[in-house]
Amino acid sequence: MFYPGLVSISFRSLTPKEVISVCRDAQLDRVEWGTDSHTKTPLDAETVYEMGSAAGVLPCSCGSYYKLGFSPRESFPTLLKIAKNLHTDLIRIWGGNHGSADLTARDTAALAKEAHELATMADAEGLTLALECHPNTLTDRYEAELAFLESVDHPRLVTYWQPNQFESRSYNLEAAEALAPFTKMIHVYAWSATERFPLSSDREIWSEYLSVFQKAGGDYGTLLEFMPDDDPATLPREAAVLREIIQTVSK
């Protein structure tokens with residue numbers, strides 16, 4: 001039901017080979033590869049897949065920075081090729097670059113039309129798109145994201161989920177429950193507003209979050225995103241805590 005992994009942009013300064021190495025040290029065998037740093041081109045993606053496959057560290061998703069209503073449409077076929085060369089079937093995209101409260105009904109309808117068209121293109125390649133759940137995009141409130149997913153109404157458009165560090169515990173639990181049926185990936189971190197902490201400090205609340213998804217009955221990647229100190233040497237400790245949380249929730 002849950003598997004642990006890493007978001008590669010947690011260590012943007014490392015080479016793909018170094019990211020694979022730190023994952024092996026942390027006993028993580030899944031990576032979301034970021035297209036802004038590690039897999040900018042289809043050739044990069046092919047090389048990353050071959051290196052990772054040889055080391056037993058496989059891509060689980062393509063972490064793109066394609067933004068609905070903002071990124072050039074002509075760049076999307078290249079993104080599909082990057083995902084294909086990574087041998088993953090999931091591409092993360094972003095819900096524009098404005099918060100939901102700043103979007104008019106016409107704005108949202110245009111983004112929904114684009115999302116449906118892109119999801120159809122992805123479907124033709126056996127790929128699925130997933131919205132980043134993030135402030136300052138149309139997914140900044142779970143109510144807005146639910147409405148958007150329903151308006152697009154395409155089986156190849158799903159979502160990521162992550163707690164909003166600027167919102168309350170109760171809000172994030174509500175958001176997890178509402179979005180769980182549409183969620184494929186979960187970004188895992190311990191933040192309070194702008195300050196990061198070791199995952200162990202949020203062990204209890206992450207057990208609650210994952211319990212919500214456990215009840216929903218899906219299969220989810222749980223991907224560590226950013227270390228509290230940005231140090232790769234911290235990854236084994238954080239990965240061990242994540243595995244412990246998964247084990248507890250999965251009993």
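**Loops, helices and cores: a short conversation**

Reader: Hello! Where is Asp153 placed?

Author: Happy to start there, with the reminder that this is a predicted model. Asp153 sits in the loop between α5 and β6 (157-161).

Reader: And is Asp153 buried or exposed, given its relative accessibility?

Author: A residue counts as exposed when its relative accessible area is over 50%. Asp153 has 59% relative accessibility, so this loop residue counts as exposed.

Reader: Asp153 is not a glycine, so what is its phi?

Author: Good thing to check in the backbone. Although Asp153 is not a glycine, its phi is positive. The value is about 50°.

Reader: Which residue in the loop between α1 (16-25) and β2 could I look at next?

Author: This one has a positive phi near 60° although it is a residue other than glycine. With a relative accessible area of 64%, it is exposed. The residue in that loop is Gln27.

Reader: Which residue with a positive phi follows α3?

Author: Helix α3 covers residues 76-86. Just after α3 comes a residue whose phi is positive, near 60°. That residue is His87.

Reader: Staying with helix α3, which of its residues are buried?

Author: A general point helps here: an α-helix has 3.6 residues a turn, so residues three or four places apart point the same way. What covers the buried residues of α3 includes the strands β2 (30-34), β3 (58-67), β4 (90-94) and β5 (128-131), along with the helices α2 (42-55) and α4 (105-124). The buried residues themselves are Phe76, Leu79, Leu80, Ile82, Ala83, Asn85 and Leu86.

Reader: Thr39 touches Ile82 and Leu86. What is its relative accessibility?

Author: Thr39 belongs to the loop between β2 and α2. Leaving out residues up to four places away in sequence, it touches Trp33, Gly34, Asp44, Ala45, Val48, Ile82 and Leu86. Thr39 counts as buried because its relative accessibility is 0%.

Reader: How far apart are the C-alpha atoms of Thr39 and Asn164?

Author: Along the chain, Thr39 and Asn164 are 125 residues apart. In space, their C-alpha atoms are separated by 27 Å.

Reader: Are helices α5 and α6 roughly parallel or roughly antiparallel?

Author: The axes of α5 (residues 142-152) and α6 (residues 169-179) come within 10 Å and cross at roughly 10°. Angles under 35 degrees count as roughly parallel. The crossing therefore makes α5 and α6 roughly parallel.

Reader: How many residues of the contact of α5 with α6 are charged?

Author: From α5, the contact is made by Tyr142, Glu145, Leu146 and Leu149, and from α6 by Tyr171, Glu174, Ala175, Ala178 and Leu179. Seven of the contact residues are nonpolar and none is polar. The charged ones number two.

Reader: Leu179 of α6 appears there. Which side chain reaches the backbone oxygen of Leu179?

Author: Look at strand β7 (residues 183-188). The residue in question is buried there, since its relative accessible area is 4%. Apart from residues up to four places away in sequence, it touches Thr159, Tyr160, Trp161, Phe213 and Tyr220. At 2.7 Å from the backbone oxygen of Leu179, the side chain is that of Thr183.

Reader: Which helix gives the largest share of the largest nonpolar core?

Author: That core has 70 residues, and Phe148, Leu157, Trp161, Trp206 and Leu224 touch the most other members. Leu157, for one, touches residues including Ile93, Ala115, Leu129 and Phe148. The largest share of the core is seven residues, from helix α8 (residues 235-250).

Reader: How many residues make up the second, separate core?

Author: Its members include Cys60, Ala130, Val158 and Tyr160. This second core is separate, and its residues number ten.

Reader: Back to α8: how far apart in space are Arg237 and Leu199, C-alpha to C-alpha?

Author: Arg237 lies in helix α8 and is partly exposed, with a relative accessible area of 41%. Beyond four places in sequence, Arg237 is in contact with Pro198 and Pro228. Arg237 and Leu199 are 38 residues apart in sequence, and their C-alpha distance is 8.9 Å.

Reader: Last one: which residue in the loop between β10 (220-224) and α8 touches Met227, Pro228 and Asp229?

Author: At 7% relative accessibility, this loop residue counts as buried. The residue that touches Met227, Pro228 and Asp229, not counting residues up to four places away in sequence, is Thr234.

Definitions and conventions
Residues numbered from 1 in each chain as written. Predicted model: local features only at pLDDT ≥ 70, side-chain atom pairs only at ≥ 80, totals over all residues. Heavy atoms only, no water. Helix = DSSP H or I, 4+ residues; strand = E, 2+ residues; numbered from the N terminus. Buried < 20%, exposed > 50% of the residue type's maximum accessible area, 1.4 Å probe, protein only. Polar contact = N/O pair within 3.5 Å; in protein donor to acceptor, adjacent residues only side chain to side chain. Contact = heavy atoms within 4.5 Å. Axes fitted to C-alpha atoms, helices over the stretch in contact; angles between N-to-C directions. Parallel < 35°, antiparallel > 145°, perpendicular 65-115°, else oblique. Nonpolar A, V, L, I, M, F, W, Y, C, P; charged D, E, K, R; others polar. Core = buried A, V, L, I, M, F, W, Y, C linked by side-chain atoms within 4.5 Å.
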